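Please look through the model below before reading on. The paragraphs that follow go from the whole chain down to one strand and one residue.

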Amino acid sequence: MPQLTSVPSAHSFAETVSRVEQRLAALGVRLFARIDHAENAREAGLQMPPTTVLVFGAARGGTPAMNASPDIAYELPLRLLIRQREDQVELLYRPIDDLAADYGVPAEVIAPLRMVEKLAAAAAAAS
């Protein structure tokens, strides 16, 4: 199972999700899907803590990586998991260095995908 990087958020769950979505819009990055696992669980009569996956990307970042290694298309668009664990909200993503190593994508080609790291840090920050 791939390891994920976890970034603790200084904000509530809803605020963290909103901050990510606002930053994506400001960057001109397309939000392809918002998967609310907790809502889906409620609809099935089950319970789980707030858990949402945002699926996003931009052709300018992903296409060069897919041209360099077509199998990386399985990992794209990028995903960011936002979840509530007890009193802590956290953002999780697959490390870009791991993607580069797993799919043999050169550092200069995978570099644009590092935006997920900056996005998570900015959305989680107190300011």
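Two residues are in contact when they have heavy atoms within 4.5 Å of each other. With that cut-off, and taking contacts in the protein chain with a separation of 6 or more, 68% are between residues 24 or more positions apart. The model is a predicted one.

The protein chain contains six helices and five strands. From the start of the sequence to its end, these elements follow the order β-α-β-α-β-α-β-β-α-α-α. The radius of gyration of the protein chain is 15 Å, close to the 14 Å that the globule rule gives for 127 residues, so the chain is as compact as a globular protein of that length. Along the principal axes, its C-alpha atoms fill a box of roughly 45 × 35 × 25 Å.

Next come burial, surface and charge. Of the 127 residues in the protein chain, 41% are buried. The chain exposes about 7300 Å², and 54% of this area is supplied by carbon and sulfur atoms. There are 12 positive and 15 negative charges, and the mean positions of these two sets lie 5 Å apart.

Strand 5 is a useful place to look in detail. How much of strand 5 (residues 88-93) is buried? Five of its six residues are buried, so strand 5 is largely enclosed by the rest of the structure. The cut-off behind this statement is a relative accessible area under 20%.

Strand 5 pairs with strand 1 (residues 5-8) in the antiparallel sense, over four bridges. In this pairing Ser 6 stands opposite Leu 92 of strand 5. Strand 5 also runs antiparallel to strand 4 (residues 78-85), to which five bridges join it. Here Gln 84 has Val 89 of strand 5 as its bridge partner. Strand 4 and strand 5 form a hairpin with two residues between the strands, and in that hairpin Glu 86 takes a positive phi near 55°.

The last stop is a proline in a helix. Pro 64 lies in helix 3, which spans residues 59-68. Is Pro 64 buried or partly exposed? Its relative accessible area is 35%, and buried means under 20% while exposed means over 50%, so Pro 64 counts as partly exposed. Leaving aside residues up to four places away in sequence, Pro 64 touches Ala 59 and Val 109. Glu 117 is 53 residues from Pro 64 along the chain, and the C-alpha atoms of these two residues are separated by 19 Å.

Terms used:
Residues are numbered from 1 along each chain as its sequence is written. This is a predicted model: local features need pLDDT of at least 70, side-chain atom pairs count only at pLDDT 80 or more; totals for chains, interfaces and linings use all residues. Side-chain values use heavy atoms; hydrogens and water are left out. The radius of gyration is taken over C-alpha atoms; the globule rule is 2.2 Å times the number of residues to the power 0.38. Buried means under 20% relative accessible area, exposed over 50%, partly exposed in between (1.4 Å probe, protein chains only). Accessible areas come from the Shrake-Rupley method with a 1.4 Å probe; for residues, only the protein chains shown count as cover. Lys and Arg count as positive and Asp and Glu as negative; His and the chain ends are not counted. The place of a charge is taken as NZ of Lys, CZ of Arg, CG of Asp or CD of Glu. Two strands pair if DSSP finds at least two bridges between them.
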